[in-house]
Amino acid sequence: MSRLGDTIRSARLKAKMTEKALGKKCGLAENYIKDVESGRKIVSDDQAQRILKVLGVANPVSTELEVASEPPVKLRPKPRAYVLPVEEQEQAAKQAAEASSDAWLDALSGVVKRVPVMSPDGLVIDHVLTPIVNGRIEGGAPDKVLYYRCPDDALRGFRVYAGDLLLVVPASKAEDGQLMLVEYQGQRMVRKLLKLDGGRIQMQAFDHEFAAQVGTIIDVKVLGRCVKLERRL
């Protein structure tokens, strides 16, 4: 019930009147009185005044006054915007950029590939976006190729300098006159290979002067063939 409905019902019962009798005196239907008392019907100000006057309620209050008499509702303070700390902002921006980049790469997964850049100790230190042509990268499977970052000027005589990136496709056999990624005595390096008699392999370097190491096909593990040079400015 509403407070006005309670007031009308209490006054009607006190006057020993039925809803029908009250409605008749006010020119209203019995069901209308019931709905007003139960709060199902919103009564106009004039009708409320008329009903209360018939019931003899002194200083009848209108629906407007009834609302006005309700205790004021305390407004909740407006929440303050939460400002992320600078570090969290930078992290959030980085994550958003990475998510956007990943989505872009997914869309172009059949066109370009993020090829890892490997250091001599086998660690991934960067990635390079590389085009895929007919499902291959320079003849190699996209998920098998890598870039090798030259750590020094040991290949200067072959026009390969420190910091240059060599695209390597998988290979397991030495090829004469080719720059190849090999593992020898626990070290990874790129050298120009020359096959010698007796199952030996010469690994050539050329900084300020020519230098070479010789190992057997058992000792020299061929990892791949260098097919492309990318120079970082």
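In the predicted model, L22 is in contact with I8, R12, M17, I33, I51, V54 and L55 when its neighbours within four places in sequence are left aside. L22 is also listed, together with L4, I8, L28, V43, I51 and L55, among the residues that have the most contacts inside the largest nonpolar core, a set of 15 residues. The elements that give two or more residues to this core are the helices α1 (3–14), α2 (19–26), α3 (30–38) and α4 (45–54). Apart from this core lies another one, of 12 residues, which includes Y148, V160, L179 and C226. Such groupings can be read against a general tendency: in soluble globular proteins, nonpolar side chains tend to be buried together.

The packing of two of these helices was examined further. Two packed helices are described by the angle between their axes and the distance between the axes. For α2 and α3, the axes come within 8 Å and cross at roughly 105°, which means that α2 is roughly perpendicular to α3, since angles of 65 to 115 degrees are placed in that class. On the α2 side the contact is made by E19, K20, L22 and G23, and on the α3 side by E30, I33, K34 and E37. By class, this contact has 2 nonpolar, 1 polar and 5 charged residues. The two residues L22 and I33, which take part in the contact of α2 with α3, also touch each other, as I33 appears among the contacts of L22.

Overall, the protein has 6 helices and 9 strands. An open sheet of 9 strands, with mixed pairing, follows the order β2-β1-β3-β4-β9-β5-β6-β7-β8. The edges of this sheet are occupied by β2 (124–131) and β8 (210–216), and because each has a single partner strand, one side of each is left without a neighbour in the sheet. With direction ignored, neighbouring strands of the sheet are turned by 40° against each other on average.

Within the sheet, β6 (residues 187–196) pairs with β5 (residues 179–184) in the antiparallel sense over 6 bridges, and M180 stands opposite R191 of β6. The hairpin of β5 and β6 has 2 residues between the strands, and Q185 takes a positive phi near 50° in this hairpin. Strand β6 also pairs in the antiparallel sense with β7 (residues 200–206), in this case over 5 bridges, with M203 of β7 as the bridge partner of L193. The hairpin formed by β6 and β7 has 3 residues between the strands, and G198 in its turn has a positive phi of about 75°.

One residue of β6, K192, illustrates the surroundings of this strand. Not counting residues up to four places away in sequence, K192 touches F158, G177, Q178, L179, Q202, M203 and Q204. Of these, L179 is also one of the residues in the core of 12 residues, whereas M203 is the bridge partner of L193. The C-alpha atoms of K192 and Q202, which are 10 residues apart along the chain, are separated by 8.1 Å. K192 counts as partly exposed because its relative accessibility is 25%, a value that falls between the limits of under 20% for buried and over 50% for exposed residues.

At the level of the whole protein, buried residues make up 31% of the 233 residues. Among contacts with a separation of 6 or more, residues 24 or more positions apart account for 50%.

How values were computed
Residues numbered from 1 in each chain as written. Predicted model: local features only at pLDDT ≥ 70, side-chain atom pairs only at ≥ 80, totals over all residues. Heavy atoms only, no water. Pairing = 2+ DSSP bridges. Helix = DSSP H or I, 4+ residues; strand = E, 2+ residues; numbered from the N terminus. Core = buried A, V, L, I, M, F, W, Y, C linked by side-chain atoms within 4.5 Å. Buried < 20%, exposed > 50% of the residue type's maximum accessible area, 1.4 Å probe, protein only. Contact = heavy atoms within 4.5 Å. Axes fitted to C-alpha atoms, helices over the stretch in contact; angles between N-to-C directions. Parallel < 35°, antiparallel > 145°, perpendicular 65-115°, else oblique. Nonpolar A, V, L, I, M, F, W, Y, C, P; charged D, E, K, R; others polar.
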